[in-house]
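These are my notes from a session with one structure. I set out to look up its core, its strand pairing and its aromatic rings.

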Amino acid sequence: MTHADESTAKVHYICQTYVEQKPGRDGQASLKIGKQFQYSTAAEAQNRAEREVQSEDCAGADAYMISEDPDSGEVGSPSFLVRLGSVPETDDF
């Protein structure tokens, strides 16, 4: 079997932080994406999320992995490694 015959998914490890937005007209504060970092391992993404959530301006952080089909460019749903602090519902992804 050659590499040309294999269609392997590319895995991305992401740390994504959230910050609170000021309350809107309805008086509800909401979350927005703060920063995004990409890593080559799950441990790196998880460690960054754990460090980021300690920051005063960070409301929460996710570390997750996603698979990308290199042929079609399609990206799968995130698989969470860790969710810390205030994070959006998983339905929001």
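**Nonpolar core**

I began with the largest nonpolar core of this predicted model, and I found nine residues in it: Tyr13, Cys15, Phe37, Tyr39, Ala45, Ala49, Ala61, Ala63 and Val82. I then asked which elements give two or more residues to this core. They are strand E1 (10–21), strand E2 (30–39), helix H1 (42–52) and strand E3 (60–68).

I next took up Ala61, one of the core residues, and listed its contacts, leaving aside its neighbours within four places in sequence. Ala61 is in contact with Gln16, Thr17 and Tyr18, with Ala49 and Val53, and with Val82, Arg83, Leu84 and Val87.

**Strand pairing**

How many bridges join E1 to E3? I counted nine, and the two strands run antiparallel. As one position in this pairing, I noted Tyr18, whose bridge partner in E3 is Gly60.

I then followed E3 to strand E4 (residues 79–85). These two strands also pair in the antiparallel sense, over six bridges. Here I recorded that Met65 stands opposite Ser79 in E4.

**Aromatic rings**

I searched for pairs of aromatic rings with centres within 6.5 Å, and the count came to one pair.

Which ring does the charged end of Arg48 sit over? I found the ring of Phe37, with the charged end 3.7 Å from its centre; Phe37 is also listed in the core. For Arg83, which I had met among the contacts of Ala61, the charged end sits over the ring of Phe80, 4.1 Å from its centre.

Key: Residues numbered from 1 in each chain as written. Predicted model: local features only at pLDDT ≥ 70, side-chain atom pairs only at ≥ 80, totals over all residues. Heavy atoms only, no water. Core = buried A, V, L, I, M, F, W, Y, C linked by side-chain atoms within 4.5 Å. Buried < 20%, exposed > 50% of the residue type's maximum accessible area, 1.4 Å probe, protein only. Helix = DSSP H or I, 4+ residues; strand = E, 2+ residues; numbered from the N terminus. Contact = heavy atoms within 4.5 Å. Phe/Tyr/Trp six-rings, centres within 6.5 Å; stacked < 30°, edge-to-face > 60°. Lys NZ or Arg CZ within 6 Å of the ring centre and 35° of its normal. Pairing = 2+ DSSP bridges.
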